[in-house]
Each structure stands twice: as structure tokens, then as C-alpha cells.
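Colleague: Please take a close look at one pocket lining for me. Then follow the strands and the enclosed spaces from there.

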Amino acid sequence: MISHKSLSRRHFLAGSTAVAGMAALGPSWAGDALADTAEASSGSDRWEVLRRLTGDRLVRPGDVGYEKAALPNNLHFRDVRPQGVAYCSTPQMVADVLNWARDEDIPFAIRGGGHSYSGYSLSHDLVIDMREMRAISHDATTGQVRVEAGALNGQLYSALNKAGRMITHGRCPSVGAAGYLLGGGIGFNMRRLGMASDALKNSEIVTADGKLRRLSADENADLFWATRGGAGGNYGVSTAFTLNTVPMDERLTVFRVVWREKTLEVARALFAAVDAAPVELGTRIALGGVTPQLGARGRQVPVTLLGQYAGSREELLEILAPVVAIASPEFIDVQEKTYWSGQTFLSEPGEPAFFRERSSFITTPADADHLGEAFEKLQHWSGTGAEGNYFFFQTGGRINELAPEDTAFVHRDSRFLSVVGISWSEDDLALPERLRAARDWQDDFYGFMSARGGKGAFQNFPDASLVDWRERYYGANLDKLMQVKAKYDPNNLFRHGQSL
């Protein structure tokens with residue numbers, strides 16, 4: 001059992017056991033840390049105090065490794081240059097850094113994988129980086145996996161592969177497991193297993209008062225509820241998660257299919273086919289990407305289907321037969337694989353890039369009028385030299401078996417999560433009018449999505465342009481989330497552009 005005692009810097013420096021622990025980090029670390037209070041009061045550089053508190057795991061401008069440490073996944077925010085990146089390796093170190101930031105009144109961001117769409121895992125001041133806390137362990141008796149908050153998805157996939165287990169997970173191996181879980185977590189398994197956060201058995205978090213708290217249905221239950229879909233950076237720094245897992249599939253069919261003929265008719269049939277399919281099917285349907293060159297040639301908007309089916313190749317092709325009868329695919333790749341080799345087929349590298357995405361949930365099937373207007377808008381893309389697209393993650397199934405109030409993830413009545421995205425290149429930065437045109441096109445498209453039944457927005461895809469983001473992310477759960485925030489972070493230590 002984890003004690004709820006304070007992990008404050010003052011307590012840490014006072015205990016003899018803690019001093020022994022510091023000494024294990026290096027011969028001079030404990031002595032340096034014990035001298036911090038006196039040095040701080042004498043007016044020495046506060047960043048040097050933090051450097052010693054972190055055991056010299058602070059990276060600042062000019063240090064070796066700073067450029068890599070400062071690089072965000074969304075390059076739109078690459079000019080946000082932190083004054084320091086503190087790599088934390090223990091919950092105690094997290095508490096020390098938090099106390100320093102609070103005492104010095106230094107704003108900070110918390111970073112796992114650094115994939116925040118709106119740059120909320122980056123700060124002009126301090127970044128608390130969790131990636132040195134990446135231990136993963138599997139309990140063969142319970143089937144549960146414990147994941148430290150700094151682990152990346154790819155590391156978790158490797159551990160689950162060795163254990164012969166699976167969960168709902170994403171496609172991008174460089175995404176941080178913590179941020180993914182805290183916002184809900186989508187993936188090709190979600191229709192049959194639920195959201196990733198639905199599998200949480202317990203977790204651990206350092207809150208604003210410097211306490212390491214264990215969260216479960218029986219312990220700090222209100223905060224446990226909030227962290228199952230309430231998004232990161234609101235209540236504390238999560239340090240570990242324990243999830244229920246299930247045995248991995250012995251056989252999995254993975255596929256990528258592209259149509260370029262009769263694509264509007266194909267799209268209509270495709271949505272109907274996957275919507276009627278069993279929960280063993282997980283899909284992502286993309287309309288686009290559309291480039292200016294494509295539009296200029298008058299070519300049809302392509303339709304791309306990507307996903308997995310927990311069954312045979314023949315069964316999958318039977319599901320898709322009504323769609324293939326309308327038009328033969330230009331490209332089709334359907335393979336039966338073992339589960340984790342299938343995930344390699346489906347993976348997305350997630351390399352740093354310039355992008356912006358806007359999301360909403362669809363609670364009814366995409367009708368003919370909806371798709372017709374969407375194709376028209378896609379055909380007239382005139383934005384950046386890269387692309388614009390409209391894509392759909394298939395939801396429903398087990399996700400919708402829980403009530404909206406059962407966890408903080410409130411979106412329990414959808415059929416698809418829709419996203420309109422744009423991306424651009426370095427060359428586009430010299431053409432601001434082109435970027436404005438792309439954003440205007442995207443914003444107009446997003447208005448169209450909302451008018452055609454789009455509901456809410458996905459908190460794991462933070463959208464800084466939303467005015468009513470609280471209601472869109474959290475809906476009817478917002479009031480309860482605000483109560484949890486007031487209880488555990490009354491002075492709003494944890495804050496960013498869209499924090500509660």
C-alpha cells in the first residue's frame with residue numbers, strides 16, 4: 001500500500017531514509033540537495049537548485065541534448081523553447097520538481113511522449129518529462145500489466161507481445177502511454193474491449209500537495225473516476241497505471257484497401273457495411289488526402305480503409321463484398337497475421353510534422369447527403385502544398401455499454417469519431433496566405449461537421465481553436481470534474497491552455 005504522506009521537498013530532505021536514497025543516486029547528490037535550501041535563500045540561481053534536485057537531469061538551452069528535448073511532435077509549436085526540461089525518474093523527484101515550480105512560481109507542462117496536438121506538453125518555462133519512468137511489468141496470475149507513466153506505446157506493445165496479452169491501444173509507437181490513457185485512448189480494439197481507460201484497475205499520481213496517491217474504485221475513487229478520460233495535466237502528475245489485459249488473438253486479419261473509382265458510392269456502401277459488422281471489426285475510413293494537384297486534375301477523392309478483424313480473411317472479404325461489388329479497389333492488401341505482427345502492419349510512425357486536427361463524434365450513420373457534401377468540400381481543397389482529409393475512427397460496441405457518468409469519458413453514444421485534418425510543409429511557412437486558406441477551409445469543414453450531427457470533441461485530440469471545449473470534451477461530466485479539480489488542486493497548480 002502506498003502511503004499518502006507528503007512527498008514534499010522539505011519532508012524528503014529531512015528523513016534519514018530519504019538521504020540514503022539520494023546517496024544511491026550519486027556520491028555528491030544528497031549533499032548538494034541538502035544544501036539547496038540555504039543556497040536558495042542566499043539568492044543563487046534557481047535553475048541550478050533544480051539541477052541539483054533532479055540529480056543533474058535538467059537540460060537547459062545550450063546543453064547537450066537540448067534541441068532534441070525541446071522538439072515537439074507537432075512542429076507548429078517548435079518555437080516554444082523551454083527554459084528547462086527536467087527528466088524525472090521517481091515519484092519523489094516529481095514531487096520535488098513540483099514543489100520547486102510552485103515555490104518559484106514557474107509555469108510548467110507535463111510530457112510523456114510529447115504528442116499533444118495543441119502543444120500542451122510543451123512550455124516556455126519548465127517541462128517535466130516522464131520518459132525515464134518507463135518500467136513495465138506483467139503479472140501472469142492476474143493478467144494485469146503495470147505501466148510507468150513515461151513508457152511509450154511501442155515499449156508497452158513489446159511487453160504485451162512477450163506476455164501474450166493485448167489491450168485497446170493506438171497505432172503510433174512513439175505516443176506516451178500516460179497521455180493516451182488519461183484522455184480515454186482509442187484503437188482498433190475499442191469496439192470489442194472498450195476505451196483503453198476502461199481497462200484501468202488502479203493508478204498512482206502525485207497531486208499538488210506533494211502526495212503520492214493510489215487511485216482505484218476503493219481508494220480516492222473520485223480522482224480515479226476523473227483520470228479515466230478526464231485528460232492529463234488537470235489534477236496532478238500520473239506516475240503509474242495498472243490495466244486489465246486479455247489474451248491476444250491467435251489469428252488476426254489486417255487490411256488496407258484503396259478505391260479511386262465511384263468513390264462517393266463506395267463510401268456510402270462502406271459506412272453501411274462496417275456499421276453493421278460485428279465488434280471484432282475495427283476500422284479507420286479516410287476520405288482524402290487531397291492535394292491541390294489532385295483537385296486540378298479533376299480526379300475523384302480517394303477512399304482508404306485501414307483496420308483489423310479478429311477472424312479470417314474470408315470473413316472479412318464477405319463483410320466488404322457489397323462495397324467491392326460497386327467498384328474494384330485500386331489497391332488491396334489483406335493479410336492474416338499473429339496479433340502483434342499485425343499491429344506492425346497497421347502502425348503509424350508519428351514522426352514530427354506540421355498539422356492541425358479538429359474532431360467530433362457522430363452518433364448516427366453517415367448519410368448520403370453528409371457524404372455528398374463532404375466529397376464536394378474535399379474536391380475543392382485549395383490549401384497548403386500538403387493535404388487536407390476527412391477521416392473516421394469506428395467507435396460504438398463495448399464503448400457504448402458503459403453509461404456516460406461511469407467514467408470521465410462521457411462520449412458513450414457514438415458510431416464514429418470524425419476528424420478533419422490539414423497538414424503542411426516547411427515550404428508552406430513562406431506562404432502565409434496559403435496557410436490561412438487551409439485553416440479557413442478546415443474551419444468551414446468543421447462547421448459543416450457540427451451542422452450535420454457532429455457532437456462533442458475528443459479530449460485526446462485537443463483543439464485550441466474551440467471556444468466551448470469544456471462542454472465538448474466533458475459534456476454532462478464537467479461539473480463533477482470541476483469538483484474533483486477544486487478538491488485536489490485548489491490553487492490551480494496544474495494549468496495549461498485547456499486545463500480545468
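Modeller: In this predicted model, the lining of the second largest pocket divides by class into six nonpolar, eight polar and five charged residues. The volume of this pocket is about 400 Å³. Its lining is made up of 19 residues, and K68, L71, G113, R131 and L152 are the closest to the centre.

From the pocket, turn to the sheets. One open sheet has four strands, in the order β1-β2-β4-β3, and its pairing is mixed. The edges are β1 and β3 (108-111); each has a single partner strand, so one side of each is left without a neighbour in the sheet.

Now the pairings in that sheet. Strand β1 covers residues 58-59 and is joined to β2 by two bridges, the two running antiparallel. Here L58 is opposite A86 of β2. On the other pairing, β2 meets strand β4 (residues 126-129) in the parallel sense, over four bridges. Two of the residue pairs can be named. G84 has L126 of β4 as its bridge partner. V85 has V127, again in β4.

Where do the side chains of β2 (residues 84-87) point, and are they buried or exposed? G84 and A86 point one way, V85 and Y87 the other way. Both pairs are buried. A86, then, is buried and also stands opposite L58.

A helix links this sheet to another. Helix α7 (residues 91-104) lies across β2, β3 and β4. Its direction is at about 170° to β4. The same α7 also lies across β8 (200-207), β9 and β10 (236-243). There the angle to β8 is about 40°.

Those strands belong to an open sheet of five, ordered β5-β6-β10-β8-β9 and paired antiparallel. β5 (136-138) and β9 (212-215) are the edge strands, each pairing on one side only. Direction ignored, neighbouring strands in the sheet are turned against each other by 15° on average. At the β5 edge, three bridges pair β5 with strand β6 (residues 145-148), in the antiparallel sense. H138 has V145 of β6 as its bridge partner.

Next, the enclosed spaces. Rolling a probe the size of a water molecule over the atoms shows where empty space is left. Searching the whole structure gives two cavities of 30 Å³ or more. The largest holds about 50 Å³ of space. L182, I205, T227, A231, G232, G233, N234, Y235, G236 and S238 form its lining. By class, that is four nonpolar, six polar and no charged residues. This ties back to the five-stranded sheet: I205 sits within the range of β8, while G236 and S238 sit within that of β10.

The second largest cavity has a volume of about 40 Å³. Lining this cavity are H169, G170, R171, G187, F188, N189, Q308, Y339 and Q343. The class split is two nonpolar, six polar and one charged.

Two of these lining residues, Q308 and Y339, lead on to R192, which touches both. R192 is part of helix α10 (residues 190-193). Why does R192 count as buried? Its relative accessibility is 12%, and the cut-off for buried is under 20%. Residues up to four places away in sequence are not counted among its contacts. Beyond Q308 and Y339, R192 touches M166, D249, L252, V279, E280, A310 and R398.

One more strand is worth a look. Strand β17 (residues 387-394) has seven of its eight residues buried, so β17 is largely enclosed by the rest of the structure. Its partner strand here is β18 (residues 416-424). The two pair in the antiparallel sense, over eight bridges. Within that pairing, G388 is matched with I422 of β18 as bridge partner.

Notes. Residues are numbered from 1 along each chain as its sequence is written. This is a predicted model: local features need pLDDT of at least 70, side-chain atom pairs count only at pLDDT 80 or more; totals for chains, interfaces and linings use all residues. Side-chain values use heavy atoms; hydrogens and water are left out. On a 1 Å grid over the protein atoms alone, a cavity is a set of points where a 1.4 Å probe fits but cannot get out, and a pocket is an open set with protein on both sides within 12 Å along at least five of seven lines; lining residues have an atom within 4 Å of a point. Grid points are joined across faces, edges and corners, and a volume is the space filled by probe spheres set on the points. Ala, Val, Leu, Ile, Met, Phe, Trp, Tyr, Cys and Pro count as nonpolar, Asp, Glu, Lys and Arg as charged, and the others, Gly among them, as polar. Two strands pair if DSSP finds at least two bridges between them. Axes are lines fitted to C-alpha atoms, for helices over the stretch in contact, and angles run from 0 to 180 degrees between N-to-C directions. Contact means heavy atoms within 4.5 Å. Buried means under 20% relative accessible area, exposed over 50%, partly exposed in between (1.4 Å probe, protein chains only).
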